[in-house]
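Biologist: Please walk me through this fold. Keep the answers short and give cut-offs as you go.

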Amino acid sequence: MVIVVVGPCGSGKTTLVARLQAAGYDARVVAQEHSAVPDLWRHGGEPDALIYLDASPAVISRRRQNEFPRWLYGRQLRRLRVARERATLYLHTDHLDPRDVEARVLDHLRRLAAGADTRPA
């Protein structure tokens, strides 16, 4: 199962992918927010799971330990629009710790593997 994780800076992508890889999954971060290519997440083919992590600008600022400008957040969301529309799971991480994010994603991956396809119609 190929898993791609996208989202704005500071949403928890790198942490999640490290945890998924440690659990034996073929997971990668696509830092699409740094690209003008709306479907960069598809590089290498359509993933089996596309996980979209999100966080508010205030929480991103706290996590990054610097002010995260709202204009940049807006730009990243626009660039990630296609990925969000195609995501098999959208998860807002403001009030979740990394263990909670991992648990929710693993549950989603188990459901996908069992054939409970949650991709948008």
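The exchange below covers the sheet, its helices, the cores and one loop residue.

Modeller: This is a predicted model, where local features need pLDDT of at least 70, side-chain atom pairs count only at pLDDT 80 or more, and totals for chains, interfaces and linings use all residues. Residues are numbered from 1 along each chain as its sequence is written, and side-chain values use heavy atoms, with hydrogens and water left out.

Biologist: In what order do the strands of the open sheet run?

Modeller: Strands (E, at least two residues) and helices (H or I, at least four) are DSSP runs, numbered from the N terminus. Two strands pair if DSSP finds at least two bridges between them. The pairing here is parallel, and the 4 strands are ordered β2-β1-β3-β4.

Biologist: Which strands stand at the edges?

Modeller: An edge strand here has a single partner, so one of its sides is left without a neighbour in the sheet. That applies to β2 (26-29) and β4.

Biologist: What is the bridge partner of Asp 54 in β4?

Modeller: β3 and β4 pair in the parallel sense over 4 bridges. For Asp 54, the partner in β4 is His 92.

Biologist: What angle does the direction of α5 make with that of β4?

Modeller: Axes are lines fitted to C-alpha atoms, for helices over the stretch in contact (heavy atoms within 4.5 Å). Angles run from 0 to 180 degrees between N-to-C directions. α5 packs on the sheet and touches β1, β3 and β4; its angle to β4 is about 170°.

Biologist: Which element gives the most to the largest nonpolar core?

Modeller: A nonpolar core is a set of buried Ala, Val, Leu, Ile, Met, Phe, Trp, Tyr and Cys residues joined through side-chain atoms within 4.5 Å. Buried means under 20% relative accessible area, exposed over 50%, partly exposed in between (1.4 Å probe, protein chains only). This core has 17 residues, and Ile 51 is among those that touch the most other members. β1 (2-6), α1 (13-22), β3 (49-54), β4 (89-92) and α5 (98-113) each supply at least two, and the top contributor, with 5 residues, is α5.

Biologist: How many residues does the other core have?

Modeller: That core lies apart from the largest one. Val 4, Val 30, Leu 50 and Leu 80 are among its members, and its size is 9 residues.

Biologist: Which residue with a positive phi follows α2?

Modeller: Most residues other than glycine have a negative phi. The residue asked for is not a glycine, yet its phi is about 60°. It sits in the loop between α2 and α3 and is exposed, at 73% relative accessible area. It is Gln 65.
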